[in-house]
Amino acid sequence: MSRKIIHGRPGGFFDEYHRKPGNKTSTHYCPGCGHGILHKLIAEAVVDLQMKDNTVFICPVGCSVFGYYYFDLASISVPHGRAPAVATGIVRSNPDCCVISYQGDGDLGAIGFNEFIQAANRGENIAVFFVNNGVYGMTGGQLAPTTLPGQKTVTSPYGRSVETEGYPLKVCEMVAALDSPVYVERVALTSPKNILAARRALRKALTYMKEKKGFSLVEFLAGCPVNLKKNTRETDEWIEKKMIPYFPVRCFKDIASERQPKCAPVGIYEKGKVKEMLLATEKLHPFNESEIPVPDLKGELRVKCAGFGGQGILSLGMLIAEGGHLQNLNASWLPSYGPEMRGGTANCSVVLSRDSIGSPIVKSSDILIAMNQPSIDRFSADISKNGIIIYDSVNIEFDNKNKCKAYSIDASLLAKDVVGDVRCANSVMLGAFFEIIKVFDERAFINSIYNNFQNREKVIELNIKAFNEGRKNARTLLR
Ligand SMILES: Cc1ncc(C[n+]2csc(CCOP(=O)(O)OP(=O)(O)O)c2C)c(N)n1
Ligand code: SF4
């Protein structure tokens, strides 16, 4: 069999590495590094397979972080471990794109394992090229999930102990056990024979991706001579004698011929349709939102709602956000989850604006709605100049040291005694907020209550009652 010997650089590389500082003709990789060999195989393949113009190369964090110096491809740099998540975004929004998720063993096997395995399990139409050199190369040779038992690294100076660090992660074996992936192969970047096998494997993965057959993984056993403290020949020997017995080079799965090309996901991007889906109860709205005017709101209104988990703090934020949205404002709602949800404090940030919203995070709030003591203690200091605090008098003693505008609402009391359900205290606060802010239209907030408590007529009725009680209570304070 005759093979073309390429002199010079393959077409998938730039002729000159103009993006690279200093020397423009050689890569930054150490001699004998597996990344250099693999880069060359990719650069040849994308041209031979006529994929150069629609391939995105994802540069991970690790020694290959500067892949974009070399590849004359669309490229994108991503945070450590996030390549498959970004690749998913690219290929979902542009299904004709081919995306190479290029990752080291620290990147894929440690910090990014979840992104990786979920993308594999979803069967995304991407090719993952996994460079297993047994260490964290870039950061100085720390132990990686694939470091061999007994292998010394800077963080395992006595050798990897399977007692404490467990056994090396066999990524191909794990992925091959999933139903979605179509092709899984492990190869080694050592002898010419092995490199030719690697060349075939990566071309197969690229071809399947081009044919939209789904998820492919090729694991490349690669050398990192610097961190192994070996020369290049010794490194190849080490891979063949030590790594391959543990990580056998073979094809684990190749079922692309059984699969139909993946169809582009059907997205619903038309605004009216999205709204229709989100507001499934629109029919129930008592008010036609198109008749409700956009409120005269100057700049952004930044609201923080805070209280105990269980007080309906996140729904309160949602009611406000949706109330604004139903008046054609831009609205963001950002909940703070976590252990706070289990009996501790819960909070969420809401931003409303006629213009686009800069950040959904509310640090300095214009309005703080506080429903328990820890919340007012924690957030009252962050109130903006001229900001307003609305708090539940039943649960809070507020020492208004900064003399800001503060309204004490008997929310829990009114909810319990007048409305008949203490869980409606959040809607009492909603009514107080509405009355104090004075820029919104009542109809939008009523619609918001309908949307949030979909079809539960009794609950809607109680919450509207609570809303009106909150308004009444606030009016007595505003007189
Ligand atoms: C979020 C995050 N965590 C950790 C790091 C530090 N970091 C940079 S490269 C790297 C390890 C790279 O190892 P690997 O993925 O195996 O790639 P190699 O350098 O061996 O090719 C780490 C931990 C980082 N940059 N970002
Ligand atoms: S440190 Fe290792 S992985 Fe990084 S460039 Fe050098 S040989 Fe390659």
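Okay, one bit of vocabulary to start: when I say strand, I mean a DSSP run of E with at least two residues, and the numbering goes from the N terminus. Keep in mind, too, that what we have here is a predicted model.

With that in hand, look at strand β14, which covers residues 383–392 and holds Asn386. Asn386 isn't a glycine, yet its phi is positive, at about 65°. For background, most residues other than glycine have a negative phi. So is Asn386 buried or exposed? Exposed counts as over 50% relative accessible area, and Asn386 comes in at 71% relative accessibility, so it's exposed.

There's another one to show you. Lys403 also isn't a glycine and has a positive phi, about 55° this time. You'll find Lys403 in the loop between β14 and β15, with β15 being 405–409. Lys403 is exposed because its relative accessible area is 70%.

Let's zoom out. How does the domain assignment divide the chain? It gives domain 1 as 34–258 and domain 2 as 297–478. Between the C-alpha centres of domain 1 and domain 2 there are 49 Å.

Now, the inside. As a general point, nonpolar side chains in soluble globular proteins tend to be buried together. Here, the largest nonpolar core has 49 residues, and the members touching the most others are Ile320 and Phe433. Which helix gives the most to this core? That's helix α15, residues 425–437, with nine residues. If you click on Phe433 and skip residues up to four places away in sequence, its contacts are Leu301, Val303, Ile320, Ile367, Ile369, Ile390, Phe440 and Phe445. There's also a second, separate core, made of 42 residues, and Cys33, Tyr70, Phe71 and Ala201 are among them.

Cys33 turns up again around ligand 2. Its neighbours in the shell around ligand 2 are Tyr29, Cys30, His35, Cys63, Asn133, Gly137, Cys224, Pro225 and Asn227. What classes of residue make up that shell? Six are nonpolar, four are polar, and there are no charged residues.

Last stop: Val459, over in helix α17, which runs through residues 457–478. Val459 is partly exposed, because its relative accessible area is 27% and partly exposed means between the 20% and 50% cut-offs. Compare its place with Asp382: Val459 and Asp382 sit 77 residues apart in sequence, and C-alpha to C-alpha they're 34 Å apart in space.

That's my tour, thanks for listening.

Technical notes: Residues are numbered from 1 along each chain as its sequence is written. Chains are lettered from A and ligands numbered from 1 in the order in which they are written. This is a predicted model: local features need pLDDT of at least 70, side-chain atom pairs count only at pLDDT 80 or more; totals for chains, interfaces and linings use all residues. Side-chain values use heavy atoms; hydrogens and water are left out. A residue is near a molecule or strand if one of its heavy atoms lies within 4 Å of it. Ala, Val, Leu, Ile, Met, Phe, Trp, Tyr, Cys and Pro count as nonpolar, Asp, Glu, Lys and Arg as charged, and the others, Gly among them, as polar. Helices (H or I, at least four residues) and strands (E, at least two) are DSSP runs, numbered from the N terminus. Buried means under 20% relative accessible area, exposed over 50%, partly exposed in between (1.4 Å probe, protein chains only). A nonpolar core is a set of buried Ala, Val, Leu, Ile, Met, Phe, Trp, Tyr and Cys residues joined through side-chain atoms within 4.5 Å. Contact means heavy atoms within 4.5 Å. Domain bounds come from an automatic or database domain assignment.
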